Amino acid sequence: PSDIASDNDASPSRSPKIDKRIPISIPYTTPASEFLYGTSVVEAALRSKREPRRKLYKLYIYTGENRASAEQDVAIEKLARKNKVEVVRVAGDWLRLMDKMSNSRPHNGYILEASPLPRLPVTHLGEFNEENASEFEVALDHQSREEAAINGMDEVIKLSPDRFGRKPFVLFLDSILDPGNLGGMIRTAAFIGVTAVAISKNCASFSPAVLKASAGASEDIPLFTVNKPAGFIANSKLAGWKIFAAVAPSGDRPKPMFIEKLDSPLIEDPCILMLGNEGEGLRENLRSKADVHITIRGSGRNLNVDSLNVSVATGILCNAFLKVSNAKRLFEGEQSSKAEGDLF
């Protein structure tokens with residue numbers, strides 16, 4: 001008889017069976033399987049409500065000696081079974097195999113085998129219709145049948161209601177090479193409330209390290225892949241999206257606008273904010289297509305520090321676009337004007 005705890009022979013309420021048999025090689029359910037690791041990433045994948053979502057195959061929980069998170073193990077196992085995911089409790093030398101599954105990165109005793117993360121390939125963003133403010137369209141790029149099975153083929157992006165009347169805000173990332181930065185920027189975008197993140201083919205590959213750095217945010221925020229960045233920006237602009245380029249505070253022509261002068265641009269237009277490479281910034285063929293160049297004002301006190309880490313800058317810039325105080329003031333003013341117009 002097998003020692004593997006399956007959906008039928010174990011439950012979180014009683015002591016599960018533990019598999020101590022070590023496979024010769026890493027077990028894959030499908031050739032395209034990925035191994036997600038770490039508490040936040042695994043839990044986010046199990047809780048994700050996005051559509052399409054990953055297929056979840058198998059959850060490994062390490063139950064070794066002196067395991068300090070038994071209650072957490074039970075909660076995550078219960079969540080996995082609710083999603084009809086096979087749960088395998090392991091111990092002993094399995095730890096070495098789990099380390100191999102996570103490429104020796106910290107996994108906290110949790111590894112989830114899953115299909116690749118859906119990332120819709122798009123050529124550009126479509127027109128945003130204010131009369132149907134609950135969605136906008138995208139133009140799909142070519143994908144194989146296998147890719148379409150993972151990414152889906154939905155040309156309509158659903159939007160959450162915005163009580164301040166703000167239009168969609170998409171973050172476009174080009175040539176971000178550090179996986180930690182890429183994951184951190186996705187995490188920041190999801191936390192602050194960005195609509196979606198579009199990622200150019202020139203960025204770091206979408207590895208488990210990126211997912212780990214995003215702390216699970218990648219499982220919830222819509223992600224697009226872009227093969228032709230310049231065409232994506234040019235055609236989205238033609239569809240009515242206003243384009244902003246994040247640039248260094250000096251040495252850029254035309255002279256950039258400081259973010260404190262931004263006055264809730266999302267009330268007027270759907271916007272795309274472009275951010276570029278950690279060292280070189282945005283490429284000229286993208287920067288030249290922007291409607292507005294924006295930058296962050298430094299204190300000027302330290303001659304050795306003239307810029308911010310790109311992930312940190314992302315948070316400051318996105319917050320400037322989505323700042324509630326400005327949006328609320330403009331939205332209320334707009335509603336007041338409409339009410340006055342109805343009286344006469």
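Trainee: What makes the space of about 1100 Å³ a pocket?

Mentor: This is a predicted model. Its largest pocket has a volume of about 1100 Å³. A pocket is an open set of points, whereas in a cavity the probe cannot get out.

Trainee: How do you know which residues line the largest pocket?

Mentor: A lining residue has an atom within 4 Å of a point. For the largest pocket, 43 residues make up the lining. Lys158, Leu159, Ser160, Pro168 and Thr195 lie nearest its centre.

Trainee: Which elements give two or more residues to that lining?

Mentor: They are β7 (156-158), β10 (223-226), α9 (310-322) and α10 (324-343). The most comes from α10, with 4 residues.

Trainee: How does the lining divide into nonpolar, polar and charged?

Mentor: There are 23 nonpolar, 7 polar and 13 charged residues. Lys counts as charged, so Lys158 belongs with the charged residues of the lining.

Trainee: Now the sheet. Why are β1 and β3 called edge strands?

Mentor: The open sheet has 4 strands in the order β1-β4-β2-β3, with mixed pairing. β1 (34-37) and β3 (86-90) each pair on one side only, so they are the edge strands. The twist averages 20° from one strand to the next.

Trainee: How do you know that β2 and β3 pair?

Mentor: Pairing needs at least two bridges. β2 (residues 56-62) and β3 have 5, in the parallel sense, so they pair. Tyrosine 62 stands opposite valine 90 in β3.

Trainee: Which helices lie across β2 and β3?

Mentor: Helix α2 (residues 70-82) lies across β2, β3 and β4 (110-114), at about 155° to β3. Helix α3 (residues 94-101) lies across β1, β2, β3 and β4, at about 130° to β2.

Methods: Residues are numbered from 1 along each chain as its sequence is written. This is a predicted model: local features need pLDDT of at least 70, side-chain atom pairs count only at pLDDT 80 or more; totals for chains, interfaces and linings use all residues. Side-chain values use heavy atoms; hydrogens and water are left out. Axes are lines fitted to C-alpha atoms, for helices over the stretch in contact, and angles run from 0 to 180 degrees between N-to-C directions. Contact means heavy atoms within 4.5 Å. On a 1 Å grid over the protein atoms alone, a cavity is a set of points where a 1.4 Å probe fits but cannot get out, and a pocket is an open set with protein on both sides within 12 Å along at least five of seven lines; lining residues have an atom within 4 Å of a point. Grid points are joined across faces, edges and corners, and a volume is the space filled by probe spheres set on the points.
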